[in-house]
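This briefing is meant to be read with the sequence and the 3D structure open. Look at the structure first, then work through the points by topic.

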Amino acid sequence: MYRPSMASIALRNAVESRRQIEVFDYVNSADAFTRAFGMRNTLKCLRALANLGGRIHGYRRVCDLGCGSGAFSLAFAYLADNPNLELHGLDASEIQLSLGEQLMSAARLPGRIEFERRNLPTQIGYLPDLTISSYWFCENEHVILDPVLFDLMVGREMLVVDYEKIIDRVANCLPRGFRILGRHSSSVDIPSALTEFVAQEKASVHSIHIGRMENW
Ligand SMILES: C[S@@+](CC[C@H](N)C(=O)[O-])C[C@H]1O[C@@H](n2cnc3c(N)ncnc32)[C@H](O)[C@@H]1O
């Protein structure tokens with residue numbers, strides 16, 4: 001599913017030449033997006049999740065906002081290795097979700113993993129132990145700036161992987177009642193066996209881990 005195609009190479013070249021935050025067409029370019037960026041996003045999410053250390057095994061109810069074709073869900077379920085995990089991915093794009101379902105079914109990771117079509121932000125009906133989100137806030141910056149929408153989307157804790165500028169914005173606009181638990185920037189060395197899928201040797205990753213304050 002991550003093997004490059006002509007369309008994914010063309011998409012990646014176009015994005016790199018524009019050097020700006022892109023909002024993709026997830027109806028016509030879902031497959032190309034997944035092939036161009038899926039593996040890279042998974043590796044970045046793995047690096048961000050490694051900062052949680054052993055705590056990763058303790059989260060049971062996890063919600064992936066803008067899960068797309070499942071990059072963050074895949075990384076989380078792989079590292080958590082938790083048969084009690086209930087991972088719930090939400091995304092507006094039916095095609096992205098169906099790619100995510102194929103990916104997760106091929107990966108056969110422990111836990112119950114379900115994807116659902118939702119236009120976000122919206123009530124999700126429960127408070128996840130952890131909300132994860134990669135490259136969703138960059139397409140929905142208004143949620144960072146609106147404390148009511150932000151509160152609606154965040155579980156007891158949240159881990160966001162995104163562009164540095166977006167991570168800065170989350171940190172600087174954090175509403176009352178939330179606190180920063182960790183913030184990391186690093187560079188991932190792409191293993192040589194995966195350079196065909198990622199088309200670069202290093203990738204930078206920026207993440208922020210936030211939590212709700214008790215008694216708020
Ligand atoms: C850049 S992709 C990231 C996908 C995945 N998290 C990853 O890291 O590869 C953004 C995803 O967010 C979804 N999305 C963007 N805005 C949305 C919204 N308002 N409601 C639901 N999904 C949305 C898109 O359909 C797309 O799948």
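The points below cover the core, two helices, the ligand, the cysteines and some unusual backbone spots. The model is predicted. Its largest nonpolar core has 59 residues, and helix α3 gives the most to this core. A ligand is surrounded by 19 residues, and the count of disulfides is zero.

**Nonpolar cores**

- In the largest nonpolar core, Phe76, Phe137 and Phe150 touch the most other members.
- Helix α3, residues 71–80, contributes six residues to this core.
- A second core of eight residues is separate, and its members include Leu11, Val15, Tyr26 and Ala36.
- Which residues are in contact with phenylalanine 150, leaving aside neighbours within four places in sequence? They are Phe137, Val143, Ile144, Met158, Val170, Leu174, Pro175, Phe178 and Ile210.

**Helix α3**

- Most of α3 is covered, with eight of its 10 residues buried.
- The buried residues of α3 are Ala71, Phe72, Ser73, Leu74, Ala75, Phe76, Ala77 and Ala80.
- Aspartate 81 comes just after α3 and has a positive phi of about 45°.

**Helix α2 and its contacts**

- Threonine 42 lies in helix α2, which spans residues 30–50.
- The relative accessible area of threonine 42 is 6%, so this residue is buried.
- Not counting residues up to four places away in sequence, threonine 42 touches Tyr2, Ala71, Leu74 and Ala75.
- One of these neighbours, tyrosine 2, makes a side-chain to side-chain polar contact with threonine 42 at 3.1 Å.
- Leucine 46 is also in helix α2.
- Is leucine 46 buried or partly exposed? Its relative accessible area is 23%, and buried means under 20%, so leucine 46 is partly exposed.
- Leucine 46 touches Ala75, Tyr78 and Leu79, again not counting residues up to four places away in sequence.
- Leucine 46 and tyrosine 78 are 32 residues apart along the chain, and their C-alpha atoms are separated by 8.8 Å.
- Threonine 42 and leucine 46 both sit in α2, and Ala75 is among the residues touched by each of them.
- An α-helix has 3.6 residues a turn, so residues three or four places apart point the same way.

**The ligand**

- Among the 19 residues that surround the ligand, the closest are Tyr26, Gly66, Asp91, Leu120 and Ser134.
- Tyr26 also appears in the second core.
- The side chain of aspartate 91 has an N or O atom 2.7 Å from an oxygen atom of the ligand.
- For glutamine 96, a polar side-chain atom is 3.0 Å from an oxygen atom of the ligand.
- For serine 134, the distance from a polar side-chain atom to an oxygen atom of the ligand is 2.6 Å.
- Taken alone, the ligand exposes 600 Å², and the protein buries 92% of that.

**Cysteines**

- A disulfide is a covalent bond between the sulfur atoms of two cysteines.
- Why is cysteine 45 not in a bond with the closest cysteine sulfur? That sulfur belongs to cysteine 67 and is 12 Å from the sulfur of cysteine 45, which is too far for a bond.
- A disulfide needs the two sulfur atoms to be within 2.5 Å.
- Cysteine 138 is in no disulfide either, and the nearest cysteine sulfur, in cysteine 45, is 12 Å away.
- Cysteine 45 is buried, at 0% relative accessibility.
- Cysteine 138 is buried as well, at 8% relative accessibility.

**Backbone spots to look at**

- The peptide bond from leucine 120 to proline 121 is cis, and its omega is near 0°.
- Proline 121 is in the loop between β3 (112–117) and β4 (130–134).
- Tyrosine 135 is not a glycine, but has a positive phi of about 55°.
- The loop between β4 and α5 (141–145) holds tyrosine 135, and this residue counts as buried at 15% relative accessibility.
- Alanine 199, also a residue other than glycine, has a positive phi near 60°.
- Where is alanine 199 found? It lies in the loop between α8 (195–198) and β7 (202–212).
- At 46% relative accessibility, alanine 199 counts as partly exposed.

Methods:
Residues numbered from 1 in each chain as written. Predicted model: local features only at pLDDT ≥ 70, side-chain atom pairs only at ≥ 80, totals over all residues. Heavy atoms only, no water. Core = buried A, V, L, I, M, F, W, Y, C linked by side-chain atoms within 4.5 Å. Buried < 20%, exposed > 50% of the residue type's maximum accessible area, 1.4 Å probe, protein only. Helix = DSSP H or I, 4+ residues; strand = E, 2+ residues; numbered from the N terminus. Contact = heavy atoms within 4.5 Å. Near = heavy atom within 4 Å. Polar contact = N/O pair within 3.5 Å; in protein donor to acceptor, adjacent residues only side chain to side chain. Areas by Shrake-Rupley, 256 points an atom, 1.4 Å probe, with all protein chains shown as cover.
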